[in-house]
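Got the model open in your viewer? Here is a walk through it, one selection at a time.

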Amino acid sequence: MDMGNLSTVTQFVLMGLSDLPEVRYPLFVVFAIIYQITLVGNGAILLALCTERKLHTPMYYLLANLSLLDIFCSSTTVPKMLHNLLSGENSISFLGCAVQLYFLVALMGTEVFLLAVMAYDRYVAICFPLRYALIMTKVRCVQLVCGTWAAGFLNSLLHTVSTFRLSFCKSNLVNQYYCDIPQIVALSCSSTYMAEMLALLIGGIFGTSAFLTTLVSYVYIICTILRIQSAEGKRRAFSTCASHLLVVCLFYGTAIFTYMRRSSSQDSLSRDRLISMLYGVITPMLNPLIYSLRNLEVKGALTRVLCGGACSRQAEH
């Protein structure tokens, strides 16, 4: 193939969630509401954790970072999707696509590492309660969180550079409502071997190590809980990690379902775009609901923050 005769792609066209124009506005309303719930829910969690001094502990410091990640992650893809639904214009510049992919992969990667750190935190709290304060100090907690953010963004830098160093001269139609590595690599007209191997190698090492850390931590946690004699003791121990366990199952479940069932038929590709919503849109909305409903301390802090605001407004009137 004569590469000199091929035009270079300067922008991509995102397929969107549906090919039917009549559902654009209903979809806009639905996802605008979901996005608002995500922002308000995670923002309320952050406000409650910042204002409630007794929640200034490693566990809730990690939860605050999770809420921050959920806000950033949704904001990476949803505003552009809403703009496209409203305007009917699905194009995104080459640079815009690269920036979106970089931050999306960085934030998702950081969340994978953060969930592993949160699992380790619960492991220490349940398996070594007397040594918890010595192991999970504020300094150690800050170091772990900074490490998760640094690892996530470094991992994304490697993937983004390897992906956008490819030559794009075929179709510029991205079969997704956001820029993601598999869809962008599929559009390349040059060899994708190195990019695919890097994605498998780096993603495999980082992803597998984080997943195994989470899995092994919960194996030890469950074994420790089962050894507790009293039913009340088991209930109290499990309640400290139940919310996080639900979030882990939701995150990994939707991620595996999104990335492990790629197919080529048009009907399946349309379903893949809808299923990917679970991973990038629905999960960030559900996380604050899980923690506010399952965790009594967070629920109490949210109630005090909301009631405090309502009381102060009544006092002003």
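Start by colouring the chain by pLDDT, since this is a predicted model. The average is 84, and 88% of the residues score at least 70. Now pick residues 1–7: here the pLDDT is below 50, and beyond near neighbours in sequence the stretch has 7 contacts in the model. Where pLDDT is low, predicted coordinates should not be read in detail, so don't linger there.

Next, select residues 11–14. That's strand β1, which runs antiparallel to β2 and is joined to it by 3 bridges. Look for Q11, and you'll find S93 of β2 standing opposite. Add β3 to the view and you have an open sheet of 3 strands, ordered β2-β1-β3, with mixed pairing. The edges are β2 (91–93) and β3 (173–174), each pairing on one side only.

Move on to residues 24–51, helix α1. Its 28 residues reach 40 Å from the first C-alpha to the last, close to the 40 Å expected at 1.5 Å a residue. Show the side chains: among the buried ones are L27, F31, I34, Y35 and T38.

Stay on F31 for a moment. What does F31 contact, leaving aside its neighbours within four places in sequence? Light up L17, V78, M81, L82, M277 and V281: those are its partners. F31 also belongs to the largest nonpolar core, which has 68 residues; along with L63 and L66, F31 touches the most other members. To see the biggest contributor to this core, select helix α3 (residues 94–127), which gives 16 residues. There's a second, separate core too, with 18 residues, including F12, L101, C179 and I184.

Now jump to helix α2 (residues 58–87) and find Y60. Is Y60 buried or exposed? It's buried, because its relative accessible area is 5%, below the 20% cut-off for that label. Not counting residues up to four places away in sequence, Y60 touches L49, L55, N295, E297 and V298. Try a distance as well: from the C-alpha of Y60 to that of I45 is 9.7 Å, with the two 15 residues apart in sequence.

For the last stop, bring in the annotation. An unreviewed UniProt entry places "transmembrane region" features at several spans, including 60–79 and 197–226. Select 60–79 and you get 100% helix, with the end C-alpha atoms 28 Å apart. Then select 197–226: this is 100% helix as well, and here the end C-alpha atoms are 42 Å apart.

Terms used. Residues are numbered from 1 along each chain as its sequence is written. This is a predicted model: local features need pLDDT of at least 70, side-chain atom pairs count only at pLDDT 80 or more; totals for chains, interfaces and linings use all residues. Side-chain values use heavy atoms; hydrogens and water are left out. A nonpolar core is a set of buried Ala, Val, Leu, Ile, Met, Phe, Trp, Tyr and Cys residues joined through side-chain atoms within 4.5 Å. Buried means under 20% relative accessible area, exposed over 50%, partly exposed in between (1.4 Å probe, protein chains only). Helices (H or I, at least four residues) and strands (E, at least two) are DSSP runs, numbered from the N terminus. Contact means heavy atoms within 4.5 Å. pLDDT is the predictor's confidence in each residue, from 0 to 100. The expected span of a helix is 1.5 Å times one less than its number of residues. UniProt positions are given in the numbering used here, feature names are shortened, and annotations may be inferred rather than shown by experiment. Two strands pair if DSSP finds at least two bridges between them.
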